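Please open the model in your viewer and keep the sequence panel beside it, since each stop on this tour begins with a selection. Take the stops in order and rotate the view as you go.

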Amino acid sequence: MIEDRILSIKKELPPRTKLVAVSKFHPVSAIEEAYRAGQRLFGESRPQELKAKAESLPSDIQWHFIGHLQTNKLKMVLPYAALVQSIDSLHLLEAVNEWGEHNGNTISCLLELHLGAEETKQGFTEDEIRDTLRRAGEFGRIRFCGLMGMATHTDEEDLIRQDFAHIRAFKQELEQSHPELEDFTELSIGMSGDWKIALEYGATFVRIGTYIFGPRNY
């Protein structure tokens with residue numbers, strides 16, 4: 001069943017777009033089934049869970065961290081994550097950069113944009129992202145790879161489209177303002193309920209969990 005869902009999703013993805021199978025709260029056996037279907041890119045949101053899975057599963061898996069990351073948990077995430085999608089504050093960015101300096105690593109990151117529609121969401125404001133990228137040269141151990149965002153949690157498709165259009169336009173603005181950031185090409189939008197819409201707005205990553213694995217095992 002997991003294999004069928006993964007293959008059906010990939011048939012609809014354009015060549016530029018990659019599937020992040022969100023495996024958080026799901027057992028290793030489910031990831032192994034997805035792996036047998038050819039999936040190599042997985043998303044996790046809890047540091048301890050990411051570390052445990054990365055150490056027990058095949059080494060050719062690419063792990064993306066997609067949840068809120070506390071600075072005291074960096075050592076559980078940064079040695080394993082190919083991409084941290086959820087850099088949501090300057091404080092976290094500075095801590096990740098410092099970890100990279102101490103460990104001789106460069107960390108690939110997306111900046112998480114908070115649209116403001118829901119107060120509980122983490123993330124930078126647009127002005128904070130503009131200010132951060134103006135200072136990009138200060139972060140020698142960060143590879144700025146693009147933006148991550150999510151649409152307002154709603155069944156109203158028009159609102160979802162407005163949010164995705166807004167995120168895309170903001171990314172385009174940043175690309176034009178910072179041509180020196182050659183890796184700033186990724187746009188991670190779209191989840192189980194709205195990923196097909198996200199494809200219309202230039203998503204390069206779609207983060208799909210429930211549609212693939214079923215309800216989470218809390």
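In this predicted model, begin by selecting Ile160, Asp163, Phe164, Ile167, Phe170, Lys171 and Leu174, which are the buried residues of helix H7. Because these residues cover an arc of only 125 degrees around the axis, they lie on the same side of H7. Now turn to the other side of H7, where you will find Asp158 and Gln176, both of them exposed.

Next, select the whole of helix H7, residues 157-177, and look at its two ends. At 1.5 Å a residue, its 21 residues should span 30 Å, and the end C-alpha atoms are indeed 30 Å apart, so the expected and modelled spans agree.

What covers the buried residues of H7? Add helix H6 (126-134), strand E6 (142-148), strand E7 (186-188) and helix H8 (195-199) to the view, since the cover includes these elements.

Keep H6 and H7 on screen: their axes come within 11 Å and cross at roughly 20 degrees. Because angles under 35 degrees count as roughly parallel, H6 is roughly parallel to H7, and the crossing of the two helices is right-handed. To see where they meet, show the side chains of Glu126, Ile129, Arg130 and Leu133 in H6, together with His166, Phe170, Glu173 and Leu174 in H7.

For the last stop, select Phe25, in the loop between strand E1 (18-22) and helix H2 (28-36). Most residues other than glycine have a negative phi, yet Phe25, which is not a glycine, has a positive phi of about 70 degrees. Is Phe25 buried or exposed? With a relative accessibility of 16%, Phe25 counts as buried, because the cut-off for buried is under 20%.

Definitions and conventions. Residues numbered from 1 in each chain as written. Predicted model: local features only at pLDDT ≥ 70, side-chain atom pairs only at ≥ 80, totals over all residues. Heavy atoms only, no water. Helix = DSSP H or I, 4+ residues; strand = E, 2+ residues; numbered from the N terminus. Expected span 1.5 Å × (residues − 1). Buried < 20%, exposed > 50% of the residue type's maximum accessible area, 1.4 Å probe, protein only. Arc of directions from axis to C-beta. Contact = heavy atoms within 4.5 Å. Axes fitted to C-alpha atoms, helices over the stretch in contact; angles between N-to-C directions. Parallel < 35°, antiparallel > 145°, perpendicular 65-115°, else oblique. Left-handed = near helix turned anticlockwise from the far one by under 90°.
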